[in-house]
Amino acid sequence: MKRSILTLVSLLIFGLFIVSCGKESAKDKSLEQIKAKGYFVVGLDDQFPPMGFRGTDNNEIIGFDIDLAKEAAKRLGVRVEFKPVAWDGIIFSLNKGDIDVVWNGMTITEERKQKIEFSKPYLNNRQIIMVAADSNITTKDMLKGKVVGLQLGSSSENALNEAADLKKSLKDIKKYENNTLALMDLAAKRVDAVIIDEIVGRWNMAKKPGAFKVLREDLGTELYGVGIRKNDITFKEALDKVLDEIKNDKVGEEISKKWFGENILLK
């Protein structure tokens, strides 16, 4: 009887060992690879203030997401490099391996989740409609027969696609490589309105007081996350851990206040 029990216990231990080994072998080596090369590459649109953009002093890439990425890399014990990529092809660049993450005010959408994984969300956002300060447009309905601008491949484009009736009512949709160009055309009256991330739009309004205004109606709320390859499980887990630390300590608060004047990081 004792021998049977011992045999059973031995089999159970062996089974647990096999399961454990199986789980361990199923783990990818993405974090190990990042640690081995000593850095990870962030893909971004470098004209997306205040998330990531070129500074006026020395053309260095700066911004809210830039500071967050640098702090995360520091806590992971590696460096971070920044690589400008055309936004409409940035997911392709990520999955191809040209970059390791997309960290650039990227909205978490169901469509994108089919292609890539996301970190835990770290910011709230809305898709707002901006018009010139002297525009007589005050509602979405008044955009009928008007020309609207937005960034190609952005969540703004997705938001307009989902607002089928509004999209159908427009005279034309102009798609730009970046939001800076879209807002330049809005200021020059070459478009009647621009659909844009609220965080980016408000930043530009603060830089050009009196140039633009925001309609009360929006095209929906959303969350920002870091885009990661689906198979990079261990890297994602490590990144989520340090992001949680940053969001809940003074460093994260300081970064947020530096760019927004208050702590808007999601807890």
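Me: What classes do the residues in the lining of the largest cavity divide into?

Reply: In this predicted model, the lining divides into eight polar, four nonpolar and three charged residues. Among the 15 lining residues, Phe48, Trp87, Gly105, Gln151 and Ser154 lie nearest the centre of the cavity. Phe and Trp count as nonpolar, while Gly is placed with the polar residues, so Gly105 is polar here.

Me: Why is this space called a cavity and not a pocket?

Reply: A cavity is a set of points where a 1.4 Å probe fits but cannot get out, whereas a pocket is open, so the word "cavity" tells you that the probe has no way out. The structure holds one cavity of 30 Å³ or more, and the largest cavity contains about 90 Å³ of space.

Me: Which elements each supply at least two residues of that lining?

Reply: Strand E6 (101-107), helix H6 (155-162) and strand E11 (193-197) do. The largest share, four residues, comes from E6.

Me: How much space lies in the largest pocket, and which residues lie nearest its centre?

Reply: The largest pocket holds about 220 Å³. Its lining has 13 residues, and Asp88, Ile91, Arg112, Lys115 and Gly153 are those nearest the centre. Helix H4 (90-96) and helix H5 (110-113) each bring at least two residues to this lining, and H4 gives the most, with three. By class, the lining has five nonpolar, four polar and four charged residues.

Me: What lines the second largest pocket?

Reply: The lining consists of Glu198, Ile199, Arg202, Trp203, Ala206, Trp259, Phe260, Glu262 and Ile264. Two elements give two or more of these residues, helix H9 (198-207) and helix H11 (250-260). H9 gives the most, with five residues. The space in this pocket is about 180 Å³.

Me: How do you know which class each residue in the lining of the second largest pocket belongs to?

Reply: Sort them by type: Asp, Glu, Lys and Arg count as charged, so Glu198, Arg202 and Glu262 go into that class. The lining has three charged residues, six nonpolar and no polar.

Me: Let's turn to the helices. What describes two packed helices?

Reply: You need two values, the angle between their axes and the distance between the axes.

Me: Why do H3 and H10 count as roughly parallel, antiparallel, perpendicular or oblique?

Reply: Set the angle against the limits. Helix H3 (residues 64-76) and helix H10 (residues 233-247) have axes that come within 10 Å and cross at roughly 110 degrees. Angles from 65 to 115 degrees count as roughly perpendicular, and H3 and H10 are therefore roughly perpendicular to each other. The crossing is right-handed. From H3, Leu68, Glu71, Ala72, Arg75 and Leu76 meet Phe235, Ala238, Leu239, Val242, Glu245 and Ile246 of H10. Eight residues of this contact are nonpolar, three are charged and none is polar.

Me: At what angle do H2 and H10 pack?

Reply: Helix H2 (residues 30-37) packs against H10 at about 75 degrees, and the axes are 5 Å apart. That angle falls in the range from 65 to 115 degrees, so H2 is roughly perpendicular to H10. Ser30, Leu31 and Ile34 of H2 make the contact with Ile233, Thr234, Phe235 and Ala238 of H10. Here five residues are nonpolar, two are polar and none is charged.

Me: At what angle do the axes of H3 and H11 cross?

Reply: They cross at roughly 165 degrees and come within 9 Å. Angles over 145 degrees count as roughly antiparallel, so H3 is roughly antiparallel to H11. H3 passes H11 in a right-handed crossing. Phe64, Asp67, Leu68, Glu71 and Arg75 of H3 meet Val251, Ile255, Ser256, Lys258, Trp259 and Phe260 of H11. This contact has six nonpolar residues, one polar and four charged.

Me: What makes asparagine 59 worth a look?

Reply: Most residues other than glycine have a negative phi. Asparagine 59 is not a glycine, yet its phi is positive, about 65 degrees. You will find asparagine 59 in the loop between E3 and strand E4 (61-62).

Me: What kind of peptide bond joins proline 49 and proline 50?

Reply: Most peptide bonds are trans. The bond between proline 49 and proline 50 is cis, with an omega of about 5 degrees. Proline 50 sits in the loop between strand E2 (47-48) and strand E3 (52-54).

Notes: Residues are numbered from 1 along each chain as its sequence is written. This is a predicted model: local features need pLDDT of at least 70, side-chain atom pairs count only at pLDDT 80 or more; totals for chains, interfaces and linings use all residues. Side-chain values use heavy atoms; hydrogens and water are left out. Axes are lines fitted to C-alpha atoms, for helices over the stretch in contact, and angles run from 0 to 180 degrees between N-to-C directions. Angles under 35 degrees count as roughly parallel, over 145 as roughly antiparallel, 65 to 115 as roughly perpendicular and the rest as oblique. A crossing is left-handed if the near helix is turned anticlockwise from the far one by less than a right angle, and right-handed if clockwise. Contact means heavy atoms within 4.5 Å. On a 1 Å grid over the protein atoms alone, a cavity is a set of points where a 1.4 Å probe fits but cannot get out, and a pocket is an open set with protein on both sides within 12 Å along at least five of seven lines; lining residues have an atom within 4 Å of a point. Grid points are joined across faces, edges and corners, and a volume is the space filled by probe spheres set on the points.
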